[in-house]
Each structure stands twice: as C-alpha cells, then as structure tokens.
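Trainee: Please take me through the ligand site in this structure. I would like one close look at what surrounds the ligand.

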Amino acid sequence: MIRRSVVRGTGHYLPERVVENSWFEERLDTTDEWIRTRSGIERRHFAAEGQTTSDLAIRAGKAALERAGLTAEDLDGIVLATSTPDFTFPAVATMVQAGLGMKRGFAYDVQAVCAGFVFALANADAMIRSGLASRILVVGAETFSRIMDWTDRSTCVLFGDGAGALILEAQDAAGENTDRGILSSDLNSDGTYRELLYVDGGVSSTGTAGQLRMQGNLVFRHAVDKLAKTAHTSLEKAGLDGSDVDWMIPHQANLRIISATAQKMSLPLDKVVLTVADHGNTSAASIPLAMSIADAEGRLKPGQLIVTEAIGGGLSWGSVVLRW
Ligand SMILES: CC(C)(COP(=O)(O)OP(=O)(O)OC[C@H]1O[C@@H](n2cnc3c(N)ncnc32)[C@H](O)[C@@H]1OP(=O)(O)O)[C@@H](O)C(=O)NCCC(=O)NCCS
C-alpha cells in the first residue's frame, strides 16, 4: 500500500466584469478578428477596482471546500500559486487561510508564473506522499490586469483575472497506474530564457510592481515543443502514453499552442478542456479554473486519466498526470 493524493473537490471564481475583444478595438490598433484567430481568446474577466488576488482565491477556496463537503478545519495546509500577490508579503495563501477561518496548518505561495499551478500541485502531492500533510487546498489565483501595459497590443489583449482551487487528500492505494490520484509529475526551469517573458519591475530592482513584457512568437515555439515533451515524460513515468489519456487540461494561453500540443500527442481536441475563449490567459489560475469548470459540468468521471501541462515565465514548465 502507498499514499496517493486524490482530488476531493474543485472550485473557482471569476470576477464579474467581462471584457469582450471589442473593448480593445476602441482603445488600440487591434481587431476582434486578430485576437480570435491568433489566440482563440474572445473575452476575459477583469477584477474590480480594489478586488485583490486573495479575494478571488478565498472565493475559489470556499467553493472547493463546499463541493468537497469539508470545512477549513479539515485542511492541513494551503499552497497557492500566484505571480500577482496582494502585497510583497505576507503570502497570499496566509490571507486565504485567514479568510477561510483556518487557524492551524501551513500556508505559503509558489511562484512559477503560468506553470505555477502545476508546480504547486506537484509540491502538495510530494508533501502528502511524504506524510507531512493529509489534506491540502491547492489554489491558483491571479490579477494579471494589474501588470498589463495597456499601450502594448501584443500583450494586454491576452490576459485575464480569476482563481481556481482543488483539495488534495491522502488515500491508500495499490501503487499501480490504475490508482486514483496523482500518478506522476515532471517539473523544469531554464532561467537563461528570462528575456522572453518577464515583468520589468520588482521589490529589489525598481521598487515598483512593473509591467509584463513578452516576445510572444519566441515563447510560442518553446511552448509547443516543451509542453508535448513534458506531458510525454510524465506519462512515461507512470507507465502510460497518449492513448491512455481521457482529458488534457492544459494551461490556457493560446488555442493554437493547445491545438499543436494536442496534435503532437495524437489527442483529438474533443479530449481537451478548453476555456481560453472565455477567460484568456489567467496564468497560474487557468488550469484549476478549467478543471473546476469541467468538473462542475460533470465531464470528469471517476477513473478517467487526466494530463495537465503548463509553461510560463522563467521559462518554467511541467506536467502532472492524475486519475480522477
Ligand atoms: C502573442 C501571440 C498571440 C502573437 O501571435 P503571432 O502569430 O506569434 O504574432 P507575432 O507576434 O509574430 O506578430 C505578428 C504581427 O501582429 C502584430 N500584432 C501583435 N499584437 C497585435 C494585436 N493585438 N492586434 C493586431 N496586431 C497585433 C505584430 O505587431 C506583428 O506585426 P508585424 O508583422 O507588422 O510586425 C503568440 O505569439 C502567442 O500566443 N505566443 C505565446 C504567448 C504565450 O502563450 N505567453 C504566455 C505563456 S504562459
């Protein structure tokens, strides 16, 4: 018998304000047509003035607890992925802990930009398998609208705000790849690619929050190559391959990246959970948002094999294979 981390419940929250592509047409030299065809994005949600990353995360966390039939007292910890924290410190996770009324356990943030949720999930899984915790709330929450350069049409049309969460719970398992729960993961970073995607400010450099800068076409090429490879590596570690996959739940950055990755894995698009049209790129929030929405719609069935993968600033990229 071994310990596995099984998904016990999911939840999400999207800010009320929905911004259609046409909103950008009025402000920038861009078109709905360009945004749709180059990225697959049709609309995104933006947080209201004063609404912070922790506000979104608390709502997603509450929804996940409710769906799991648990209370905050049942959790041993919170691991939260974000690159857009309310404050430099404390960790957003501790603000979520307070917001949920949780008095014990640990709470900390993980920062791997758009790959953040995959890193947080692998991290929480390792803690559960080692016996350090038995139930962890894993959250991805972002307010990327706060770090946009609204004069840069090549970036500001692509991102959105939101939060998604899931609860991982320890369960005894046989140690086979037919077990429920997380079966394998693969994490990678290469800091020499910093210039491709970064924020041009920070605490110890400029003393400002900074704005996002990206060489989109170069990121695109790395994404397709590295995402298919990491998914393959995770599947191989679990003794599985693409033909075993029921659902791919990818980071939702660009429909063309997702399609090309699915094609490389010989997966038809009807096995891919797609939310990019309605959310844009919500960075670390995109995978748990997509997972929670697919779960709420009843699309994810117990026993199905899911592969989730992401790439982001760093560059950092990775994947997790789990059975629902
Ligand atoms: C950003 C992205 C959509 C751009 O698509 P692309 O096909 O690579 O387009 P390019 O960047 O080569 O730009 C093509 C042209 O469109 C223009 N363009 C850029 N943004 C535009 C916009 N919003 N509206 C209209 N034209 C735009 C460029 O200026 C360029 O014009 P030029 O040919 O006259 O120089 C695409 O590269 C992408 O999604 N990259 C990955 C980004 C990503 O996923 N990042 C996050 C990872 S977590």
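Mentor: This is a predicted model. Start with Arg 256: one of its polar side-chain atoms sits 3.0 Å from an oxygen atom of the ligand. On its own, the ligand exposes 960 Å², and the protein buries 73% of that area.

Now look at the ligand's nitrogen atoms. A polar backbone atom of Gly 216 is 2.9 Å from a nitrogen atom of the ligand. Trp 34 uses its side chain: a polar atom there lies 3.4 Å from a ligand nitrogen.

Next, the shell as a whole. It holds 22 residues. Thr 30, Arg 38, Arg 153, Gly 216 and Asn 254 are the closest. By class, 10 are nonpolar, eight are polar and four are charged.

Where do these residues come from? Five elements give at least two each: α2 (32-39), α6 (153-156), α7 (216-237), α8 (255-264) and β12 (305-312). The largest share is from α7, with four residues. Both domain 1 (2-173) and domain 2 (181-323) contribute, with at least three residues from each.

Finally, step back to the chain. It has 10 helices and 13 strands. Its radius of gyration is 18 Å, close to the 20 Å from the globule rule for 324 residues, so the chain is as compact as a globular protein of that length. Along the principal axes, the C-alpha atoms fill a box of roughly 60 × 45 × 40 Å. Of the 324 residues, 57% count as buried.

Definitions and conventions
Residues are numbered from 1 along each chain as its sequence is written. This is a predicted model: local features need pLDDT of at least 70, side-chain atom pairs count only at pLDDT 80 or more; totals for chains, interfaces and linings use all residues. Side-chain values use heavy atoms; hydrogens and water are left out. A residue is near a molecule or strand if one of its heavy atoms lies within 4 Å of it. A polar contact is a pair of N or O atoms within 3.5 Å; within protein, one must be able to donate a hydrogen and the other to accept it, and residues adjacent in sequence count only if both atoms are side-chain atoms. Accessible areas come from the Shrake-Rupley method with a 1.4 Å probe; for residues, only the protein chains shown count as cover. Ala, Val, Leu, Ile, Met, Phe, Trp, Tyr, Cys and Pro count as nonpolar, Asp, Glu, Lys and Arg as charged, and the others, Gly among them, as polar. Domain bounds come from an automatic or database domain assignment. The radius of gyration is taken over C-alpha atoms; the globule rule is 2.2 Å times the number of residues to the power 0.38. Buried means under 20% relative accessible area, exposed over 50%, partly exposed in between (1.4 Å probe, protein chains only).
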